[in-house]
Amino acid sequence: MDSYILKSFFEGLTSGIELMHALDGTRDQLSSSAVIRHHMEDLSTGFDVISDHLVKLCDAVLSNELTPESVEWIAFSMIASDHFNWDADTPDGERVAETLFDWSAPEVNYCLTHTTMAKFKHRLMTGEDTFDKTDFYNGYPSASKSIVWKLK
């Protein structure tokens, strides 16, 4: 993934559809079907992420510009990046961190669906958590894959 396109999306200069196209070819399955490798060109300077940026991702999913699954790739890349920043010691930064970690590992957190994306949007905007047991895979989290990171 080209993180400059993601930054451009957050700044309102790139559409969700363009971001979705930029994700093509940014992950590959390794020999084991449970291992996925992400490719990303990182930013060269810092970019401060706020909850409004993640709300834009939710809106893009809810309007079918992005798939719910694409948010997993984006979140994992942002966490692994050296230049997407948020301050988890503030209420807004804590919501950003919690959401990115939830998105980056849906198999142990919440399924990524249109329903849960609406709940993520609500939590990002209000701080209120409306998730319940039905939002997990089969009603509970499970770990079933490994993810590795490779910089371009």
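# Loops, helices and burial in a predicted model

Q: Where is N64 found?
A: This is a predicted model. N64 does not sit inside a helix here; its place is a loop. The two flanking elements are α3 and α4, and N64 is found in the loop between α3 and α4.

Q: Is N64 buried or exposed?
A: The cut-off for exposed is over 50% relative accessible area. N64 has 58% relative accessibility. Because 58% passes that cut-off, N64 counts as exposed.

Q: What phi does N64 have, although it is not a glycine?
A: Most residues other than glycine have a negative phi. N64 is not a glycine, yet the sign of its phi is positive. The value is about 65°.

Q: How many helices and strands make up the secondary structure of the protein?
A: From the N terminus on, the elements run α-α-β-β-β-α-α-β-α-α-β. The secondary structure comes to six helices and five strands.

Q: At what angle do the axes of helix α1 and helix α3 cross?
A: Helix α1 covers residues 3–10 and helix α3 covers residues 51–62. Their axes come within 9 Å. The crossing makes α1 roughly perpendicular to α3, at roughly 90°.

Q: Which residues in α3 do L6, F9 and F10 in α1 meet?
A: The residues of this contact divide into six nonpolar, one polar and one charged. On the α1 side, the contact uses L6, F9 and F10. On the α3 side, the partners are H53, L54, K56, L57 and A60.

Q: Which residues of α1 are buried?
A: Buried means under 20% relative accessible area. L6, F9 and F10, which meet α3, are among the buried residues of α1. The full list is S3, L6, S8, F9 and F10.

Q: Which residue caps the N-terminal end of α1?
A: The cap uses a side-chain oxygen. That oxygen lies 2.8 Å from the backbone nitrogen of Y4. Just after α1, G12 takes a positive phi of about 80°. The capping residue at the N-terminal end is D2.

Q: Is R123 buried or exposed?
A: The place of R123 is in helix α6, residues 114–126. Leaving aside neighbours within four places in sequence, R123 is in contact with R95, E98, T99, D102, Y110, E128, D129 and F131. The relative accessibility of R123 is 2%. That is why R123 counts as buried.

Q: What distance separates the C-alpha atoms of R123 and S51?
A: Along the chain, R123 and S51 are 72 residues apart. In space, their C-alpha atoms are separated by 9.5 Å.

Q: Which residue's backbone nitrogen lies 2.8 Å from a polar atom of the side chain of S81?
A: S81 is found in the loop between α4 (68–80) and β4 (84–85). At 8% relative accessibility, S81 counts as buried. Beyond four places in sequence, S81 is in contact with M40 and D42. The backbone nitrogen 2.8 Å from its side chain belongs to H83.

Q: How many Å apart are W86 and I50, C-alpha to C-alpha?
A: W86 lies in the loop between β4 and α5. With a relative accessible area of 22%, W86 is partly exposed. Not counting residues up to four places away in sequence, W86 touches V49, M78, I79, G93, V96, A97 and L100. W86 and I50 are 36 residues apart in sequence, and in space the separation is 6.8 Å.

Q: Which residue's backbone oxygen lies 2.9 Å from a polar atom of the side chain of T90?
A: The place of T90 is in the loop between β4 and α5 (91–104). T90 is partly exposed, with a relative accessible area of 31%. The backbone oxygen 2.9 Å from its side chain comes from D87.

Q: Which residues does D135 touch, not counting residues up to four places away in sequence?
A: D135 is placed in the loop between α6 and β5 (146–151). At 5% relative accessibility, D135 counts as buried. Its C-alpha atom is 9.7 Å from that of K119, 16 residues apart along the chain. The residues touched are Y110, C111, T116, K119 and T130.

Q: What is the mean pLDDT of the protein?
A: Of the residues, 79% reach 70 or more. Over residues 140–149 the pLDDT is below 50, and this stretch has 33 contacts in the model beyond near neighbours in sequence. Where pLDDT is low, the predicted coordinates should not be read in detail. The mean pLDDT is 86.

Methods. Residues numbered from 1 in each chain as written. Heavy atoms only, no water. Axes fitted to C-alpha atoms, helices over the stretch in contact; angles between N-to-C directions. Helix = DSSP H or I, 4+ residues; strand = E, 2+ residues; numbered from the N terminus. Parallel < 35°, antiparallel > 145°, perpendicular 65-115°, else oblique. Contact = heavy atoms within 4.5 Å. Nonpolar A, V, L, I, M, F, W, Y, C, P; charged D, E, K, R; others polar. pLDDT = per-residue confidence, 0-100. Buried < 20%, exposed > 50% of the residue type's maximum accessible area, 1.4 Å probe, protein only. Polar contact = N/O pair within 3.5 Å; in protein donor to acceptor, adjacent residues only side chain to side chain.
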